[in-house]
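Open your viewer and show the chain as a cartoon. Keep a selection box ready, and take the stops in order.

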Amino acid sequence: MARGRRAPSRRPFGLREQKLAYPDREGYHRHWFNDEPGRIARAQDAGYAQVMDDSGKPVCMTVGVARGGGPLIAYLMEVPVEWYREDMAAQEAGHQELMAQIREGRVPGGPTGADRNAQYVPRDMGISIREERR
């Protein structure tokens with residue numbers, strides 16, 4: 001290319017940009033999954049499907065170093081937004097249940113029987129927690 005002329009879609013090098021940015025797809029939630037043992041299969045079991053590029057290959061990117069020393073690859077996957085919202089609601093319900101147990105002094109997996117009295121909060125006192133919503 002002649003000096004002084006610019007390519008029409010030139011992106012200057014060194015600009016701040018998100019390395020994993022990828023266009024959204026209406027009606028779907030997209031998430032990058034690292035290719036660690038069982039992780040992609042688990043995502044597929046949850047309803048996620050791999051996002052394909054224009055040539056029909058899965059969208060992926062090297063994101064680090066794997067445990068064995070080779071490249072760690074992440075794959076872009078998507079799930080219908082309704083399913084994603086259901087999953088997030090179920091996750092929030094689980095968090096709220098855990099918080100209720102903590103407030104009541106019932107710590108999951110904590111001591112039982114005589115050891116129960118060795119906990120910081122006696123059974124009938126409970127714990128006061130002030131939560132801040134984001």
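The tour goes from the whole fold to a pocket, then to a ring pair and some single residues.

**Stop 1: the whole chain**

Colour by secondary structure. Remember that this is a predicted model. You should find two helices and four strands. Trace them along the sequence and the pattern reads β-α-β-β-β-α.

Now switch on the surface. The protein exposes about 11,200 Å². Carbon and sulfur atoms supply 50% of that area. Of the 134 residues, 17% count as buried. Take the contacts between residues at least 6 apart in sequence: 56% of them join residues at least 24 apart.

**Stop 2: the largest pocket**

Select His29, His31, Phe33, Arg39, Arg42, Ala43, Ala46, Tyr48, Tyr84, Asp87, Met88 and Gln91, and show them as sticks. They line the largest pocket. The space inside is about 260 Å³.

Which elements each supply at least two residues of this lining? They are S1, helix H1 (39-45) and helix H2 (81-103). Colour H2 separately: with four residues, H2 gives the most to the lining.

Next, colour the lining by class. Six residues are nonpolar, three are polar and three are charged.

**Stop 3: histidine 29**

Stay at the pocket and centre on histidine 29, one of the lining residues. Histidine 29 sits in strand S1 (residues 28-34). Is histidine 29 buried or exposed? Its relative accessible area is 19%, under the 20% cut-off, so histidine 29 counts as buried.

Show its surroundings. Beyond residues up to four places away in sequence, histidine 29 touches Tyr48, Met77, Glu78, Val79, Val81 and Tyr84. Two of these names, Tyr48 and Tyr84, are also on the pocket lining.

**Stop 4: the ring pair**

Select Phe33 and Tyr48, which both line the pocket. How many aromatic pairs does a search of the whole structure find? It finds one. Phenylalanine 33 and tyrosine 48 form that pair, with an edge-to-face arrangement. The centres are 5.0 Å apart, and the planes make an angle of 75°. The pair links distant parts of the chain, 15 residues apart. Phenylalanine 33 is in strand S1, while tyrosine 48 is in the loop between H1 and strand S2 (49-50).

Check the exposure of each partner. Phenylalanine 33 is buried, at 7% relative accessible area. Tyrosine 48 also counts as buried, at 11%.

**Stop 5: glycine 27**

Step back along the chain to glycine 27, in the segment before S1. With a relative accessible area of 34%, glycine 27 is partly exposed. Leave aside neighbours within four places in sequence, and glycine 27 is in contact with Val79, Pro80 and Val81. Val79 and Val81 are also among the residues that histidine 29 touches.

Draw a distance from the C-alpha of glycine 27 to that of glutamate 78. It should read 9.8 Å, for residues 51 apart along the chain.

**Stop 6: leucine 20**

Finish on leucine 20, which is found in the segment before S1. Leucine 20 is partly exposed, at 33% relative accessible area. Not counting residues up to four places away in sequence, leucine 20 touches Trp32, Met61 and Val63. Add one last distance, C-alpha to C-alpha, from leucine 20 to tryptophan 32. The two are 8.1 Å apart in space and 12 residues apart in sequence.

Conventions: Residues numbered from 1 in each chain as written. Predicted model: local features only at pLDDT ≥ 70, side-chain atom pairs only at ≥ 80, totals over all residues. Heavy atoms only, no water. Buried < 20%, exposed > 50% of the residue type's maximum accessible area, 1.4 Å probe, protein only. Contact = heavy atoms within 4.5 Å. 1 Å grid on protein atoms, 1.4 Å probe; cavity = no way out; pocket = protein on both sides within 12 Å on 5 of 7 lines; lining within 4 Å. Points joined across faces, edges and corners; volume = space filled by probe spheres on them. Nonpolar A, V, L, I, M, F, W, Y, C, P; charged D, E, K, R; others polar. Areas by Shrake-Rupley, 256 points an atom, 1.4 Å probe, with all protein chains shown as cover. Phe/Tyr/Trp six-rings, centres within 6.5 Å; stacked < 30°, edge-to-face > 60°.
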